[in-house]
Structures are given as structure tokens and as C-alpha cells.
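The following paragraphs lead the reader through a protein model, passing from its overall make-up to individual helices. Please keep the sequence and the structure in view while reading.

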Amino acid sequence: MRIDIISIFPEFFGVLDISLLGRARQAGLIDLAVHNLRDFTHDRHNTVDDTPYGGGAGMVMKPEPWGEALDSILPADTGANTGTDTDAGPVLIFPSPAGEQFTQAMARELAQEPHLVFGCGRYEGIDQRVVDHFAGRGRVRLVSLGDYVLNGGEVAVMAMIEAIGRLIPGVVGNPESLVEESHEDGLLEYPSYTKPASWRGLDVPPVLLSGNHGAIAAWRHQQQIDRTRAVRPDLLPFDNADAELLPPANSKARRAARG
Ligand code: ADE
């Protein structure tokens, strides 16, 4: 996958050189480039922002540097907006608290794309005409990390790239480990334990030492339901009262129940 990031703080993304994604880049699974928006300005001060038309607090990012930066990255003719057709060119993502909510499902969808371009806004955001212009040339999405306001899009883009990057085949060594995670089956994940079996007076739940795989799967599934009900009841795909009656996650019976 090719990833381009435009930001006035390119140094922010130095952490993508390390850890799992750093290895994925070295292995050629992710081809990532970070572009400094100020390189696309032409004045002495490399100005990227100006006061808002209509008044109000804060500054708005000027359209011209964004236009030049994106023109230099996007293919000249990405055609009309053709939905999810990957021939339509890269997906251009603007992180914004006013965007659609980023989810695991969106991460899965974007992990299939050959080319993602992220435009990190700062201040009070980017002149709306940048979004409108490029939406007319290809696929554009405004994406929010959650219902809170960050100082800029950089942290949101870091989070999105980490969530998307680890779903690209080959990035996570053991793909099995991606299956039983929070949000993968609509529930929060079960708690995990390792050795020693007893630590500071706290014992590992005995069922995990039993060797009974059926009992372990049932216990883990019940833990997922209990945790989800306790902290994220909005995620439960069924009536609370019936929760225990469902077969374990990823079981044949559960898939059949889902239809
Ligand atoms: N920029 C500022 N706040 C944001 C948020 N919550 N999500 C994505 N981008 C943002």
C-alpha cells in the first residue's frame, strides 16, 4: 500500500519508522511518504493560514498550498467519483471532528485500498473549497477519531494508519492474532493472562488451566459479553437478557445465527 501524508509537522510521523509499521515499511509492504505543506507556499513566511471570511476566532488553512500539494500527489485525472471502485485512484482522507466516525470496519475497508492520502488540518480547519474541489476529482472522506477535539489531524492520522496498517496482509506476523480482538466480532475482547499462574495474590482463572478447550471458549465468550455490557452496551448486537444464550464468537453456530 502507498500512503502519502501532508502536514505542517512532518516530523510528527517519525514514529512510523519504528515498531511493527517500521518493519512493514522496510519489508516493502507499506510505501509511506510525508510531505511538508509549507513546501507548497511561495511567500517569505511560508504562510499556510489566514483569517476566516465572515469573522470568528482562529485561523483557516489557505486553499492554494493544499491545492498544489495534492496536485503533486494525486494522479492528474482520477476521473469522476466512482464510490468504492479502486480504479478511481487514491482515497483522500481529511481527519476532522466533523467527519464520519473511524471504526474497525472502516479500517478493514481502507486496508484493501492500494493508495491512501491523508491531509492533516490545523487551526480551525482547511478552506472548504479544498474538500469540494478534490471530491469532484475522486474519493474524499472526512473522518473523525471520536467525539472530542484534537489540535490537528496528525494524531488522528497516526491512529488511523496504525489501525489500517496492521490489517495489511503480512504486517502482523500471525494473522490469527487479528481475529479475536476487540471490535473484530462486534464485542470487546476477553482478558488475557500469562505465567506465572499466581501473582501478588491474584490467580489466573482456573478454567484457563483446565485444558478444556470448549470450556475455555465458552468462558472467554461470556467475558466478552460481560465486559461489553458493562462498558459499551451500545455495541451489544442483541437483547441484554439473551446475551448468555449466544454461541461463542467465530463459531459456526454464531455465524449461522448472524445469517
Ligand atoms: N482533528 C481535530 N479533532 C479531530 C478528531 N476528533 N478526529 C479527527 N481529526 C481531528
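The protein contains 7 helices and 9 strands. The model is a predicted one. Of its 259 residues, 40% are buried. Where contacts join residues at least 6 apart in sequence, 74% of them link residues at least 24 apart.

The N-terminal part of the chain offers a first element to examine. Helix H1 spans residues 19-26, and Leu21, Gly22 and Ala24 within this helix are buried. These three residues cover an arc of only 160 degrees around the axis, and therefore lie on the same side of H1. In general, an α-helix has 3.6 residues a turn, so residues three or four places apart point the same way. The face of H1 turned away from the buried side carries Ser19, Arg23 and Gln26, which are exposed. What do the buried residues of H1 pack against? Their partner is helix H5, which comprises residues 154-165. Just after H1, Gly28 adopts a positive phi of about 85 degrees.

A pair of helices may be considered next. Two packed helices are described by the angle between their axes and by the distance between those axes. Helix H2, formed by residues 63-73, packs with helix H4, formed by residues 128-135, at an angle of about 30 degrees, and their axes are 9 Å apart. Angles under 35 degrees count as roughly parallel, and H2 and H4 are therefore roughly parallel to each other. The crossing in which H2 passes H4 is right-handed.

The residues at this contact can be named on both sides. H2 contributes Pro63, Trp66, Gly67, Leu70 and Asp71, which meet Arg129, Val130 and Phe134 of H4. Sorted by class, the contact of H2 with H4 consists of 5 nonpolar, 1 polar and 2 charged residues.

One residue of another helix remains to be discussed. Gln104 belongs to helix H3, which covers residues 104-110. Is Gln104 buried or exposed? Its relative accessibility is 19%, and buried means under 20%, so Gln104 counts as buried. When residues up to four places away in sequence are set aside, Gln104 touches Leu167, His183 and Glu184.

Taken together, these descriptions give three views of helices in the model. H1 turns its buried residues towards H5, H2 and H4 run roughly parallel to each other, and Gln104 in H3 is in contact with residues that include His183.

Note on methods:
Residues numbered from 1 in each chain as written. Predicted model: local features only at pLDDT ≥ 70, side-chain atom pairs only at ≥ 80, totals over all residues. Heavy atoms only, no water. Axes fitted to C-alpha atoms, helices over the stretch in contact; angles between N-to-C directions. Helix = DSSP H or I, 4+ residues; strand = E, 2+ residues; numbered from the N terminus. Parallel < 35°, antiparallel > 145°, perpendicular 65-115°, else oblique. Left-handed = near helix turned anticlockwise from the far one by under 90°. Contact = heavy atoms within 4.5 Å. Nonpolar A, V, L, I, M, F, W, Y, C, P; charged D, E, K, R; others polar. Buried < 20%, exposed > 50% of the residue type's maximum accessible area, 1.4 Å probe, protein only. Arc of directions from axis to C-beta.
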